[in-house]
Amino acid sequence: MTPILDIQNLRKWFPVGGNLFGRNRRQVKALDGVSFSVRPGEILSVVGESGSGKTTLGRTVLRLTEPTDGAIRFEGQDITHLSRRALRPMRRRMQLVFQDPFASLNPRMTVERIVATPLIIQGGFSRAERRERVAEMLRLVGLQPHHAERHPHELSGGQRQRVGIARALIMNPSFLVADEPVSALDVSIQAQVVNLLLELKEKLGLTILFIAHDLAVVGHISDRIAVMYLGRIVEIAETAALFRTPRHPYTEALFSAAPVPDPTLRRGRILLEGDIPSPLNPPSGCAFRTRCRFAEAACAQEVPPLREVAPGHLAACRRGDIALQGVLES
Amino acid sequence: MSSTTESLPFTPEEAAPPRNTAWRRFRRHRLAMLGAAVIAVLVLGSVLGPFVIPYDETYIDILHRFAPPFAGPHVLGTDELGRDMLARLMMGGRISLAVAFTAMAISMVIGISVGAIAGYYGGVVGAALMRLVDAVLCFPTIFLLLALAALVQPGLGSITLLIAATAWMEVARIVEGQIRALRERDFAVAAEVLGASDRYIVFRELVPNAIAPIVVSATLNVAKAILLESYVSFLGYGIQPPVASWGNMLNNAQIYLTSAPWLAVMPGLFITLAVTSFNFLGDGLRDALDPRMDQP
Amino acid sequence: MDTLLEVENLAIRFRTAQGEAAAVSDVSFSLKRGETLAVVGESGSGKSVTSLALMRLLPKPPRCHVSGRIRLRGKDGALLDVLDLPEEAMRTVRGNNLAMVFQEPMTSLNPVRTIGAQITETIRLHRPMPPRAAEEEAARLLDLVGIPSPRQRLSAYPHQLSGGMRQRAMIAMALSCEPSVLIADEPTTALDVTIQAQILDLLRNLQQRTGMAVIFITHNLGVVAEIADRVMVMYSGRVVEQADVVPLFRTPLMPYTQGLLRSVPRLDLAGRRAGPLPAIRGNVPDPRRPPAGCAFHPRCDFFQPSRCDATPPTLDKTPDGREVRCLRWQDSLLMAGSGEALPPQRGPGAEPLA
């Protein structure tokens with residue numbers, strides 16, 4: 001099966017500091033050689049902590065920021081260097097759902113106008129057609145017809161996120177980047193939106209790149225998961241394989257740190273020491289070695305490549321000899 | 001502990017639809033309401049007045065020269081040629097207000113465009129445009145205006161353009177700041193993902209969100225333009241007699257200041273009234289359109 | 001003697017442009033030495049406002065009215081009536097008896113002053129001592145909260161520290177006068193999971209060492225399970241359930257608590273995708289317009305017309321000492337089929353204790 005999205009060696013460096021002529025300028029390596037591909041119809045999640053580059057990844061894939069290096073192929077076409085004009089028709093096929101449903105909706109517009117925005121921008125729809133498409137979309141995401149007249153501030157958080165989803169899906173895209181779409185929502189609303197995304201994915205045949213930090217949500221929604229640390233993918237595998245048999249110490253630590261809603265399980269955690277290093281000055285070799293309980297001198301030598309440790313399971317750790325704890329199946 | 005207000009269970013903006021609250025807040029502002037009423041009277045008077053009163057503003061009533069106000073057929077008196085003051089004030093109001101509103105509109109278009117381009121693109125373009133704004137702002141407005149006025153033929157159109165040319169910079173600054181902040185917001189990114197052009201993003205998504213400061217500065221700009229027109233006309237570079245404007249009426253009245261003070265007092269009063277009213281209106285709008293001002 | 005804090009019938013009303021609105025009503029609880037009470041709720045549940053009321057940090061009347069009774073045991077054993085204390089005395093209570101840690105340390109720390117200056121100032125405000133000694137004390141506190149090379153960090157500015165380090169510094173500041181009660185308002189929400197685990201670990205250790213009581217405000221049920229002894233669930237300004245942590249997670253009585261626990265995806269079922277998540281339907285109510293009767297009734301699976309939407313339920317005591325606000329809690333227990341409780345979860349690398 002040809003992948004819907006194929007990323008090769010993607011880099012995104014942000015220059016910081018330096019004087020007018022670029023002297024002493026340093027680079028934040030938000031993405032430093034990321035490669036993966038997304039299969040049609042799957043939900044691939046990207047997890048990582050702040051500074052891991054997961055948000056930059058989503059934005060770069062959609063060409064909202066210019067990649068520094070590497071290649072992005074979408075539906076077989078190289079879009080790495082397409083101009084904004086040339087990208088415009090592609091925008092119908094790839095869309096974004098934002099984390100903060102309030103900030104991503106224009107406060108001055110009604111829901112109807114917001115959801116119709118893609119139709120207005122892409123053009124070619126009469127007023128009546130737009131109205132009809134919007135009504136249909138609102139129904140699809142579980143909103144009432146009377147919501148069309150409202151402004152974003154009159155809606156609850158969950159309703160706002162539904163509006164954001166309706167706007168993203170009204171052009172019938174094949175590919176959706178969902179950037180932490182539930183993390184700003186109330187707990188009792190998160191499950192609703194997760195269900196909605198899964199339902200729409202089935203109904204509309206979507207492929208979703210799901211960016212998140214909540215492992216429980218990710219474990220529920222994803223077919224495959226990529227774990228990022230300091231601008232690189234350290235592990236990528238099928239969901240069940242990743243949870244049961246993680247092959248990178250960072251993945252193991254993430255699972256261990258995730259709080260489980262069961263008070264009888266106050267357990268010996270694998271507590272990571274210290275903070276995530278600054279992406280301005282990442283450690284040499286394996287970036288995780290400064291916090292890794294299995295680190296040895298050789299880990300500082302060179303960046304470990306992602307290699308296949310089991311069929312479809314890739315990890316970037318040079319120590320193949322360690323036993324890691326996963327999440328036991330009940 | 002600054003986060004007290006942030007932790008309140010609901011935010012003031014969420015209280016009700018913004019337009020109603022804005023109107024409610026505006027109504028609370030007594031002086032602004034008064035200003036709006038005075039402006040309405042001045043505008044209506046200038047537009048409709050000349051059709052109502054029996055005198056033409058150029059009609060010379062040689063028998064009633066220097067007639068004092070509130071005595072005889074001329075309600076507000078007459079000038080040195082026996083022309084009716086009320087008629088001249090109304091026609092002068094037409095000119096002064098028309099010049100002021102037009103100048104405001106032009107300065108808004110220039111200011112919003114420059115500010116939006118500078119704010120949205122930033123970088124070298126933005127820096128260059130904003131340094132230009134700074135440079136123009138460095139000249140004292142009145143000297144700039146006089147220097148320009150000395151170079152061009154005075155007339156209604158040219159004076160309007162000149163005033164506009166000296167009034168757009170503040171708007172540009174305000175809009176630049178607003179757009180620069182708004183462009184980072186997610187809804188601007190959302191429009192970009194949808195394939196929107198820069199023009200669409202700036203003028204349909206961003207500028208409407210900066211409407212509050214724009215409206216306020218537009219109001220204040222009208223007041224400023226009225227004053228500028230008066231200065232220039234008073235100094236003889238502006239609207240040329242026999243066409244009346246509040247400024248050149250004032251200029252005309254200089255030599256009769258002791259013998260017929262109402263000739264100076266009347267236009268002076270109208271200028272003051274108009275400028276003050278627009279300033280009050282601007283203050284009121286500033287408070288009304290700012291949701292953070294919503295306190296009982 | 002062991003009870004440090006007792007809150008009775010706390011009610012908080014705000015005056016808004018639309019009239020009076022009850023943010024919190026009828027909240028009662030008590031807190032023992034060394035205990036951790038988790039207050040769980042969503043936006044508009046009143047959990048944060050309650051904590052601000054304890055600290056007397058809410059706006060003054062007429063903007064906000066607080067009624068009820070908050071009694072705090074002072075360090076000398078005397079009971080203080082927090083709501084009646086003069087402002088002067090309240091200032092001593094804040095810091096000395098009650099201290100608070102906020103979600104976003106960056107907004108509570110002064111960005112233009114060093115961490116050291118801010119901590120020493122707090123120390124000297126409550127405990128007069130020479131600057132040198134206060135600095136020593138500040139370094140000791142930073143060490144206590146696990147900040148490496150504390151002496152050097154004293155001269156750091158807040159922006160030079162990472163989010164986790166800033167939160168540690170905030171905790172150090174809150175601990176500077178050895179408060180008997182620490183109120184932590186979503187202290188780990190803005191942090192990454194690995195850092196969150198560190199902070200939770202730190203709070204637990206500090207509590208063991210100092211015996212202080214903690215009120216932990218959060219929306220994250222995983223964190224609650226991790227840290228709480230007792231849990232108070234709030235919904236739309238009221239306490240809807242109060243119980244010890246294990247029974248609450250095993251047999252939640254209030255349908256809202258049941259729904260919340262069920263709607264969180266389980267780590268141990270990852271990759272199975274066994275159908276949609278059992279979500280609670282509807283929206284979080286607007287605290288200014290709470291539904292009539294039980295505020296949860298529009299979203300409740302056990303809703304009974306003309307009963308739940310007519311009679312506001314009272315907070316009932318169950319035989320085993322729990323509290324629940326539901327007209328049908330006995331029915332809901334049966335109808336949910338949860339007589340045998342929610343199945344226990346299994347976490348990474350751990351066996352259930354019980």
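# A tour of chains A, B and C

Select chain C: of its 354 residues, 50% count as buried (buried means that 20 or more other C-beta atoms lie within 10 Å of the residue's own, exposed that 12 or fewer do, partly exposed in between, with C-beta atoms placed from the backbone). This is a predicted model, in which local features need pLDDT of at least 70 and side-chain atom pairs count only at pLDDT 80 or more, while totals for chains, interfaces and linings use all residues. Residues are numbered from 1 along each chain as its sequence is written, and chains are lettered from A and ligands numbered from 1 in the order in which they are written.

**Chain C as a whole**

Stay with chain C and colour it by secondary structure. It has 12 helices and 12 strands (DSSP runs, H or I of at least four residues for helices and E of at least two for strands, numbered from the N terminus). Along the principal axes, the C-alpha atoms of chain C fill a box of roughly 65 × 50 × 40 Å. The radius of gyration of chain C is 21 Å, which agrees with the value near 20 Å for a compact globule of 354 residues (taken over C-alpha atoms; the globule rule is 2.2 Å times the number of residues to the power 0.38). Of the contacts in chain C with a separation of 6 or more, 64% are between residues 24 or more positions apart (a contact means C-beta atoms, placed from the backbone, within 7 Å).

**A strand inside chain C**

Next select residues 36-40 of chain C, which form strand β3. Of its 5 residues, 5 are buried, so β3(C) is largely enclosed by the rest of the structure. Show the side chains: C:Thr36, C:Ala38 and C:Val40 point one way, and C:Leu37 and C:Val39 the other way.

Now add residues 213-218, strand β8 of chain C, which pairs with β3(C) in the parallel sense over 5 bridges (two strands pair if DSSP finds at least two bridges between them). Here C:Val214 is the bridge partner of C:Thr36. Then add residues 230-235, strand β9 of chain C, which is joined to β3(C) by 4 bridges, also in the parallel sense. C:Val231 in β9(C) stands opposite C:Ala38.

**A sheet in chain A**

Move to chain A. Which strands make up its open sheet, and in what order? There are 4, in the order β2-β1-β4-β5, with antiparallel pairing. At the edges are β2 (26-38) and β5 (77-78), each pairing on one side only. Select β1 (residues 5-16): 10 bridges join it to β2(A). A:Asp6 stands opposite A:Ser37 in β2(A).

**Where chain A touches chain C**

Show both chains together. The contact takes 49 residues from chain A and 52 from chain C. On the side of chain A, the elements that give two or more residues are α5 (157-169), α6 (187-204), α7 (215-221), α8 (239-244) and α9 (249-257). Of these, α6(A) gives the most, with 8 residues.

**A helix in chain B**

Last, select residues 123-138 of chain B. This is helix α4, whose 16 residues reach 22 Å from the first C-alpha to the last, close to the 22 Å expected at 1.5 Å a residue (the expected span is 1.5 Å times one less than the number of residues). Which residues of α4(B) are buried? They are B:Leu129, B:Met130 and B:Val133. Seen down the axis, these fall within an arc of 95°, so they line one face of α4(B) (the arc is that of the directions from the helix axis to the C-beta atoms). They pack against α3 (85-121) and α7 (169-182) of chain B. On the other side of α4(B), the exposed residues include B:Val124, B:Arg131 and B:Cys138.

Definitions and conventions:
Contact = placed C-beta atoms within 7 Å.
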